[in-house]
Amino acid sequence: MTSAVSHPTPKSTIDKEKKQAFVEFTNGLKCPLIAFGTWKSEPGKVAQAVKDAIDVGYRHIDCAHVYGNEKEVGDALKEKLNEGVLKREDLFVTSKLWNTFHREDLVEPALQTTLKDLQLDYLDLYLIHWPMAYKEGDTLFPKDENDQVLYSDAPLLETWKAMEKLVEKGLVKSIGVSNFNSKQIEDVLKIAKIPPAVNQVECHPYLNQGKLRRFLHDRNITMAAYSPLGSPDRPWATKDDPILLEDPKLAEIAKKYNVSVASICLRYQIQRGNIVIPKSVTKSRIQSNYDLFEYQIYEEEWEEIESLNKDLRYCSLHWAKDHKDYPFSIEF
């Protein structure tokens, strides 16, 4: 039999027996590779979904202020902590700084809002959600009379310096970025006292991010893969978009391993040493998305998955492509 393929980042491990997979950041913090996603989880459903996820075994919860549901996520976390199902140190919670809070004086207040909503004293990981700053104010998507998003000139590197202060104050354990390209990462590294631990980006077999991943690997930065199933429920999907989960080659591989196409897509990421962020509010899918420990992808199938890359981006934020810090205007 051909050998199983593993392209892990430094210090990533998969423990089949304990049904856990971790990556260790350069600061020594261990981060579970399988994160439960809360993007697009509707109010009224997300709290139960988070509780179901914790019961299944998820210990990493991925949140963001802009998702509009952190209060419900916080209620779920509090309930599970109060029940004694787990301790705070057993949980790994990620959230993200939204674009309207990039100005240096707004970074800590934005975090404090998230901490209050999540009912936590600290975050394990806080990310700059996008490199693009929007006009400051009470509206998360500020627009002019022509429905164009309004931008801010808040300097990105000053935002990073404010993020570092959050670590120094003990409000967050690790900091990172999301949707940054290689040049933007390099710019941050040039001035950083605390380097980014993570870059969270869209990643799936149609957009495998091979070049960016190698770039991050060489700098001891972990990649986190959002939309690992192609985000089929994204609001801007069109009937002409290729549907990742209906790919015939993936279906053939999944049949060979007697698992779902979704499972293949998720296992692919953790075997690469990437954090992977599946999302569901359906208990059976929450469970099946976590059942990744009973098999490994072997070399022949691995090469087939790699061959599917189309550099197809489902989440391009195209309405902000004229922003000076729009990240997808360079190769990776």
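Here is a walk through this predicted model, starting with its sheets and ending with its empty spaces.

Let's begin with the eight-stranded sheet. Strands of a sheet pair through backbone hydrogen bonds, either parallel or antiparallel. Here the pairing is parallel, and the sheet is open, with its strands in the order β4-β5-β6-β7-β8-β9-β10-β11. If you trace that order to its two ends, you arrive at the edge strands, β4 (35-37) and β11 (275-276), each of which pairs on one side only.

Now look further inside the sheet, at β7 and β8. Strand β7 covers residues 123-128 and strand β8 covers residues 172-178; the two run parallel and are joined by five bridges. To find one of the bridged positions, pick out tyrosine 126, whose partner in β8 is isoleucine 175. A helix also packs on the sheet here: α4, residues 156-168, touches β6 (92-97), β7 and β8. Compare directions and you'll see that α4 makes an angle of about 160 degrees with β8.

On we go from β8 to β9. These two strands also run parallel, this time with two bridges between them. Valine 177 is a handy landmark, since its bridge partner in β9 is asparagine 199. So how many of the five residues of strand β9 are buried? Five of the five are, so this strand, residues 198-202, is largely enclosed by the rest of the structure.

The other sheet to visit has three strands in the order β1-β2-β3; it is open too, and its pairing is antiparallel. At its edges stand β1 (12-15) and β3 (30-32), and each has a single partner strand, so one side of each is left without a neighbour in the sheet. From one strand to the next, the twist averages 25 degrees. Strand β2, residues 20-24, pairs with β3 over three bridges. You can spot the pairing at glutamate 24, which stands opposite lysine 30 in β3.

With the sheets in view, let's turn to the gaps. Rolling a probe the size of a water molecule over the atoms shows where empty space is left. The largest pocket has a volume of about 920 Å³. Its lining is made up of 40 residues, and those nearest the centre are Trp39, Lys40, Ser231, Asp233 and Lys279. What kinds of residues line this pocket? By class there are 20 nonpolar, 14 polar and six charged ones. Helix α9, residues 283-290, gives the most to this lining, with three residues.

The second largest pocket holds about 370 Å³ of space. Seventeen residues line it, and Asn208, Gln209, Gly210, Lys211 and Arg214 lie nearest its centre. Helices α6 (210-217) and α10 (299-306) each supply at least two of the lining residues, and α6 gives the most, with five. This lining divides into four nonpolar, five polar and eight charged residues.

Last stop: the closed-off space. There is one cavity of 30 Å³ or more in the structure, and the largest cavity has a volume of about 90 Å³. Among the residues lining the largest cavity are Asn179, Phe180 and Asn181, along with Val201, Gln209 and Phe332. Two of these names tie back to places already visited: Val201 lines the largest cavity and falls within strand β9, residues 198-202, while Gln209 lines the largest cavity and is also one of the residues nearest the centre of the second largest pocket. Overall, the cavity lining has seven nonpolar, three polar and two charged residues.

Note on methods. Residues are numbered from 1 along each chain as its sequence is written. This is a predicted model: local features need pLDDT of at least 70, side-chain atom pairs count only at pLDDT 80 or more; totals for chains, interfaces and linings use all residues. Side-chain values use heavy atoms; hydrogens and water are left out. On a 1 Å grid over the protein atoms alone, a cavity is a set of points where a 1.4 Å probe fits but cannot get out, and a pocket is an open set with protein on both sides within 12 Å along at least five of seven lines; lining residues have an atom within 4 Å of a point. Grid points are joined across faces, edges and corners, and a volume is the space filled by probe spheres set on the points. Ala, Val, Leu, Ile, Met, Phe, Trp, Tyr, Cys and Pro count as nonpolar, Asp, Glu, Lys and Arg as charged, and the others, Gly among them, as polar. Helices (H or I, at least four residues) and strands (E, at least two) are DSSP runs, numbered from the N terminus. Two strands pair if DSSP finds at least two bridges between them. Contact means heavy atoms within 4.5 Å. Axes are lines fitted to C-alpha atoms, for helices over the stretch in contact, and angles run from 0 to 180 degrees between N-to-C directions. Buried means under 20% relative accessible area, exposed over 50%, partly exposed in between (1.4 Å probe, protein chains only).
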